[in-house]
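User: I'm new to protein structures and would like to learn by looking closely at a single part. Could you pick one helix, show me what it packs against, and explain the terms as you go?

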Amino acid sequence: MSLFVWKKYAALAAMACCAAPVLAAGSAGVDPAQVIAESSQMKITAQDLETDLQRIPAQYRAEVLANRQRLSKILENLVINKTLAAQARSAGIDKEADMTRQIQNATEKMLAQEQLNRVVNAVPLPDFTQTAREQYQLNTDKYTEQPTVHASHILIGTKSRSAEEALELARKVREQAVAGSKKFDELALEYSDDPSAKSNKGDLGFFEAKRMVKPFADTAFAMNTPGEISEPVKTQFGYHLIQFHESKPRTVRTFEEVKDKIIQGEREKFQNEQRKKLLSDILSDPSLKLNEEAADRFLSRMPIAADPKASSAGKH
C-alpha cells in the first residue's frame, strides 16, 4: 500500500481515536465499528485501533495521535498481526493443545495485571501535600539549581602539535578575537579542535562547573563581563580560549514550583506499596499449598544449561 494511502488511513485513524472516550461509551461520534482498513483476510475497525492504543500510556497517547508516521506504523503492525492471526486460525493453529494453553496463559496474565491495577487504583489516595512539603524541606538541595555560566570556547589541541605550538597558536587566535578582526564564532569554526565546533561554533550554552574540567570551570566562573575573552587555559585537551556571555546565580525552586512533581512521586510510592501488599497477601494466603515433591520432579526433568564460565575455564 502506498505511503499516500497510508496517510489517508492515518488521518481517519486519528479522527477515530481522538474520540476514544466516545468509543468507550458507545455514544454519538465515530462508530466503533467503522472500518479503518480491510483485506480479503482481515478487517480493522476503529474499536480495534482504540484497543491497540490502550497499550500506550495515557500521557503519551496524544503525542502518538499527533504523529502520522507513528500512527501509520501502528496501523501497519495491526494489518500484519491480524492477517497472520487469520492465517493461523485458518490453519487450525489456535486449536492446537500447546497453543491453546499459551493463549490461556497470556489471557490470565492480562487479567491478572488488570485486576492488580484496578485494586490498587481503587484504594483512596491520601492528601500528600504535607508529606510533599516535608520532603521539600528535607531535600532542598534536590530542588536547587546550581550557578551556571554561558560561554563559548576555542580548543587548540595538543594531539597533532606540541604544547608549545598549541600555546603559541592560542595566543595568536586570542589576539584576533580581542582585536575584533574576526568574530569569536568564526575563529572557532576556523581553529577549534573541538569536533562540536562545526555545529555549535564553539557555543557551549549554559553549564554547571561540575560539567567541565577544573581549570576550565575555574576560569569560566571567575569571568563576569559579557564578551570577555580569557587568556589560554591549559587542560589535558590542550589550550582553551573562553568567551564569557552571561551567568545565572544559584537558585532554589519554590515549593509551589515542585509540589506537583513531589506529590506525583509520593503517589507512585504509595501505589507501589499497595501493589507489594496485594502480592504479599496472595503469597501469604493460608490456603496456598505447594506440592514440593511434584515441583522437584518437574524440575528434575528440565534440562540444565551448562555454565559458560565453567566450560571456558578448561580452555586455559
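Analyst: Let's start with a term you will need: a crossing of two helices is right-handed if the near helix is turned clockwise from the far one by less than a right angle, and left-handed if it is turned anticlockwise. Keep in mind that this is a predicted model.

The helix to follow is α12, which covers residues 255–283. We will look at its packing against two other helices, and then at a pocket that it helps to line.

Begin with α6, the helix of residues 97–122. The axes of α6 and α12 are 10 Å apart, and the angle between them is about 125°. What do we call such an arrangement? Angles over 145 degrees count as roughly antiparallel and those from 65 to 115 as roughly perpendicular, while 125° falls in neither range. The two helices are therefore oblique to each other. Here the opening definition comes in, since α6 passes α12 in a right-handed crossing.

Now find the side chains in your view. On the α6 side, look for Leu-116, Asn-117, Val-119, Val-120 and Asn-121. They meet Gln-271, Gln-274, Arg-275, Leu-278 and Leu-279 of α12. By class, this contact holds 5 nonpolar, 4 polar and 1 charged residues. The charged one is Arg-275, on the α12 side.

The next partner is α7, residues 129–138. Its axis comes within 9 Å of the axis of α12, and the two cross at roughly 115°. This pair is therefore described as roughly perpendicular, and its crossing is right-handed. From α7, the contact uses Thr-129, Thr-131, Ala-132, Arg-133, Gln-135 and Tyr-136. From α12, it uses Phe-255, Val-258, Ile-262, Ile-263 and Glu-266. Sorted by class, there are 6 nonpolar, 3 polar and 2 charged residues in this contact. The charged pair consists of Arg-133 in α7 and Glu-266 in α12.

Hold on to two names from that list, Val-258 and Ile-262, and turn to the second largest pocket. Which residues lie nearest its centre? They are Lys-142, Tyr-143, Val-258, Lys-261 and Ile-262. Val-258 and Ile-262 thus appear in both places: they touch α7 and also sit among the residues nearest the centre of this pocket.

The pocket holds about 240 Å³ of space and is lined by 13 residues. Which element gives the largest share of this lining? That is our helix, α12, with 6 residues. The short strand β3, residues 144–145, also supplies at least two. By class, the lining divides into 3 nonpolar, 4 polar and 6 charged residues. Lys-142 and Lys-261 are among the charged ones.

To put the picture together, trace α12 once more in your view. Residues including Phe-255 and Glu-266 meet α7, while others, including Gln-271 and Leu-279, meet α6. Besides these two helix contacts, α12 provides 6 residues to the lining of the second largest pocket.

Conventions. Residues numbered from 1 in each chain as written. Predicted model: local features only at pLDDT ≥ 70, side-chain atom pairs only at ≥ 80, totals over all residues. Heavy atoms only, no water. 1 Å grid on protein atoms, 1.4 Å probe; cavity = no way out; pocket = protein on both sides within 12 Å on 5 of 7 lines; lining within 4 Å. Points joined across faces, edges and corners; volume = space filled by probe spheres on them. Helix = DSSP H or I, 4+ residues; strand = E, 2+ residues; numbered from the N terminus. Axes fitted to C-alpha atoms, helices over the stretch in contact; angles between N-to-C directions. Parallel < 35°, antiparallel > 145°, perpendicular 65-115°, else oblique. Contact = heavy atoms within 4.5 Å.
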